[in-house]
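Morning, everyone. I'll put the model up now, and then go through a few parts of it.

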2 protein chains.
Amino acid sequence: MANEAGALCISSTNLAEFIGVNSCQIRKDFSYFGYLGIRGSGYNIEKLIKKIKSILKITVVQKAALVGVGNLGSAILSFPGFAVYGFNIAAAFDVSPQKIGKKINNVKIENISKLWILKRKKVNLAILAVPSEAAQSTTEKLVKAGVKGILNFSSCYLSVPKKVKVITTDIAMELARLPYYIPAG
Amino acid sequence: MANEAGALCISSTNLAEFIGVNSCQIRKDFSYFGYLGIRGSGYNIEKLIKKIKSILKITVVQKAALVGVGNLGSAILSFPGFAVYGFNIAAAFDVSPQKIGKKINNVKIENISKLWILKRKKVNLAILAVPSEAAQSTTEKLVKAGVKGILNFSSCYLSVPKKVKVITTDIAMELARLPYYIPAG
């Protein structure tokens, strides 16, 4: 199998250019994986992807639920990129009667009162795209439904039991990082 | 000025609990800023916010442009969180005739062919929410219009001159980080 551009191997120099780090760093990092390239030809792309996926535990398809189908939630549901990382948005939930029952990208929007079905469906990841004021209460319902990992877009702090992992993505904070790198004037 | 909860000071222990790190780490990090708390009462919240904002260069209101007003772009335009970090979405652009001329959150959507007006408006930050296939060509137009920092939601690599900083936010990759922390089974 070749990558999108048809290459079988990639050198640390090319990888380094692509992501903007030093090629020594690439070689050093990959050597920690016990994955060493071949001098002169670089890393076998297929093997490298397999190795990284296994380290990141994304070798099997994971089911995730989306909670909150507003503008952001709709964007997430329509987003083609999840399959690349082995994700399948298996369920979506909202409070709005106008949205419940509709389908986006083949996923039917369910009433948020039915979050408990996640336990039966064995979905243990959730994407939280509800308004801030509903974030904590929704999180508690997700935890009750057996969710173990939450990707939080609400930009507020979520209090969860220790066994649950929350990753918070604050779009405004990402934007706020930019001026730091830009010379004044 | 007190914070939202009415407190004037916060201890490193409280801060540590809030963000899930060790309180020693907090004290160590803040000491690098030359900002030391008072034993027994902690850090003055107002001063701390001021200090962090000045380090991050977000003490003045920064103007940013949004390019691509699809589901994600609409979510970004409606998002109240930018003001907290001193951002003002000063312009929005799209290709769709159905969108051009409309207003979201008081921002009028302009024709994407008018990106050059960013130079005149002195907007040097942009949020890129266009489909992947349009990301590189739009980026080149933004750079020509004087944009120095790009928050890229297209999940593809953007080639830019060295003076331009790109931060790429890949929602699927954020989700992909979760299983790593979750015990199997």
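I'll take how the two chains are related, then a pair of helices, then a sheet.

This is a predicted model, in which local features need pLDDT of at least 70, side-chain atom pairs count only at pLDDT 80 or more, and totals for chains, interfaces and linings use all residues. Residues are numbered from 1 along each chain as its sequence is written, chains are lettered from A and ligands numbered from 1 in the order in which they are written, and side-chain values use heavy atoms, leaving out hydrogens and water.

Chains first. Two copies of a chain are related by a rotation about an axis and a shift along it. What rotation superposes chain A on chain B? It is 180°, with 0.0 Å of shift along the axis and an RMSD of 0.1 Å; the fit is by least squares on the C-alpha atoms of residues with pLDDT of at least 70 in both copies. The two copies are therefore related as by a two-fold rotation axis. Both use the same surface, as 100% of the contact residues of chain A recur in chain B; contact means heavy atoms within 4.5 Å.

Now the helices, which are DSSP runs of H or I with at least four residues, while strands are E runs of at least two, both numbered from the N terminus. In chain A, helix 1 (residues 12-19) packs against helix 2 (residues 23-32) at about 110°, and their axes are 8 Å apart. So helix 1 of chain A is roughly perpendicular to helix 2 of chain A, a label that covers 65 to 115 degrees. Axes here are lines fitted to C-alpha atoms, for helices over the stretch in contact, and angles run from 0 to 180 degrees between N-to-C directions.

Which residues meet there? From helix 1 of chain A they include Leu15(A), Ala16(A) and Ile19(A), and from helix 2 of chain A, Ile26(A) and Phe30(A) are among them. In chain B, helix 1 (residues 12-19) and helix 2 (residues 23-32) also pack at about 110°, with axes 8 Å apart.

Last, the sheet. Chain A has an open sheet of seven strands in the order 5-6-4-3-7-8-9, with mixed pairing; strands pair if DSSP finds at least two bridges between them. Its edges are strand 5 (103-104) and strand 9 (165-168) of chain A, each pairing on one side only. Strand 5 of chain A runs antiparallel to strand 6 (residues 107-111) of chain A, and two bridges join them. Lys103(A) stands opposite Lys108(A) in strand 6 of chain A.

Notes: Parallel < 35°, antiparallel > 145°, perpendicular 65-115°, else oblique.
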